[in-house]
Amino acid sequence: MTAREFESPETRETPERWTTATVYPDMWVDPDDDPRDKQGPGPDGELATLQDFLHDYRLTLRMKCEGLDAEQLARRSVPPSTMSLLGLVRHLAEVERDWRGWLGDDKRQPKLYGARDADFHGAVADPDVVAEAFRDLEREQAATDAALAAYADLGERVGSDEIAIRELMVHRIDEYARHCGHADLLRECVDGRVGQ
C-alpha cells in the first residue's frame with residue numbers, strides 16, 4: 001500500500017471534473033467519436049443483441065482505462081474500497097475464465113491470480129502487470145466467446161447447475177455493466193474525467 005492509499009477523503013486532492021464531449025457534457029465522448037454509437041436499427045435476433053450489448057460494455061471498460069498510466073490504473077481512488085481500474089480488468093479476466101467452468105461438469109480451471117481477491121490486491125502500479133492484465137482479459141474473453149459459440153440453442157442447459165446459455169450470456173452482460181458503473185466513479189476520482 002502506498003501513502004496515497006491511506007489518505008483520508010478530506011486530505012486527498014479532488015481532481016477538476018472534465019470531459020472531451022462537447023455535444024452532451026455528461027457523455028464520455030461526442031456521438032460522432034463514440035465507437036459504441038451505431039446508426040440505424042439494432043441487431044436482429046436474441047443472440048446478436050446479447051453479443052452487441054456485451055461488446056459495448058467490454059469496450060466501455062477499455063475506454064475508461066485509456067490515457068492512464070500504471071499508477072493511475074492501479075490507484076484505489078474510492079477508499080475504503082480495494083477496487084481500481086486495473087483490478088477490474090484483472091477481475092473480469094478471472095470471471096471470464098470462471099464462466100467457462102459453468103459449461104461442463106469438468107473441474108474448473110485454476111484461478112489466474114491466486115486466492116480470493118488477489119485480482120484486486122495484485123493490481124499494482126507496474127507497466128508489466130498492466131500489460132499482462134489486458135492480455136489476460138483478451139485471451140479469457142476470446143476463450144469464453146469460443147466456448148459459448150458451440151451452443152446454437154440459447155435455451156440449452158449446461159453444467160452441473162443446469163444453467164441456460166441465455167442466462168449465462170445475460171449474467172456476463174450484467175457483470176460488465178455493473179463494473180462499468182464502478183469504472184465511472186473510479187475514473188472520475190483518478191483524474192476528474194466524467195461521462196458514462
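Which residues does I165 touch, not counting residues up to four places away in sequence? Select I165 in this predicted model and display its surroundings: the contacts are L103, L148, Y151, D153, L154, E156 and V158.

Keep I165 selected and add L61 and L86, since these three touch the most other members of the largest nonpolar core, a set of 42 residues. To see where that core comes from, colour helix 1 (46-65), helix 2 (70-74), helix 3 (85-101), helix 4 (118-121), helix 5 (127-149) and helix 6 (165-191), each of which supplies at least two of its residues. Helix 6 gives the most, with nine residues. In soluble globular proteins, nonpolar side chains tend to be buried together.

Next, show helix 1 and helix 6 alone and look at how they pack, at an angle of about 25° and with their axes 9 Å apart. Because angles under 35 degrees count as roughly parallel, helix 1 is described as roughly parallel to helix 6. The crossing of these two helices is left-handed.

Move now to G104, in the loop between helix 3 and helix 4, where the residue is partly exposed, with a relative accessible area of 29%. Select S160 as well: although G104 and S160 are 56 residues apart in sequence, their C-alpha atoms are 6.9 Å apart in space. Leaving aside residues up to four places away in sequence, G104 touches G159 and S160.

Three stops concern the backbone. Most residues other than glycine have a negative phi, and most peptide bonds are trans. Select P79 and P80, where the peptide bond from P79 to P80 is cis, with omega near 10°; P80 lies in the loop between helix 2 and helix 3. Then go to D117, in the loop between helix 3 and helix 4, which has a positive phi of about 70° although it is not a glycine, and which is partly exposed at a relative accessible area of 37%. Finally, select E162 in the loop between strand 1 (157-158) and strand 2 (163-164); its phi is also positive, near 50°, and E162 is exposed, with a relative accessible area of 51%.

To close, colour the chain by pLDDT, which averages 89, with 92% of the residues scoring at least 70. Among the elements of the chain, helix 2 has the highest mean pLDDT (98) and helix 4 the lowest (90). Over residues 1-6, by contrast, pLDDT stays under 50, and the model has seven contacts beyond four places in sequence for this stretch.

Note on methods
Residues numbered from 1 in each chain as written. Predicted model: local features only at pLDDT ≥ 70, side-chain atom pairs only at ≥ 80, totals over all residues. Heavy atoms only, no water. Core = buried A, V, L, I, M, F, W, Y, C linked by side-chain atoms within 4.5 Å. Buried < 20%, exposed > 50% of the residue type's maximum accessible area, 1.4 Å probe, protein only. Helix = DSSP H or I, 4+ residues; strand = E, 2+ residues; numbered from the N terminus. Contact = heavy atoms within 4.5 Å. pLDDT = per-residue confidence, 0-100. Axes fitted to C-alpha atoms, helices over the stretch in contact; angles between N-to-C directions. Parallel < 35°, antiparallel > 145°, perpendicular 65-115°, else oblique. Left-handed = near helix turned anticlockwise from the far one by under 90°.
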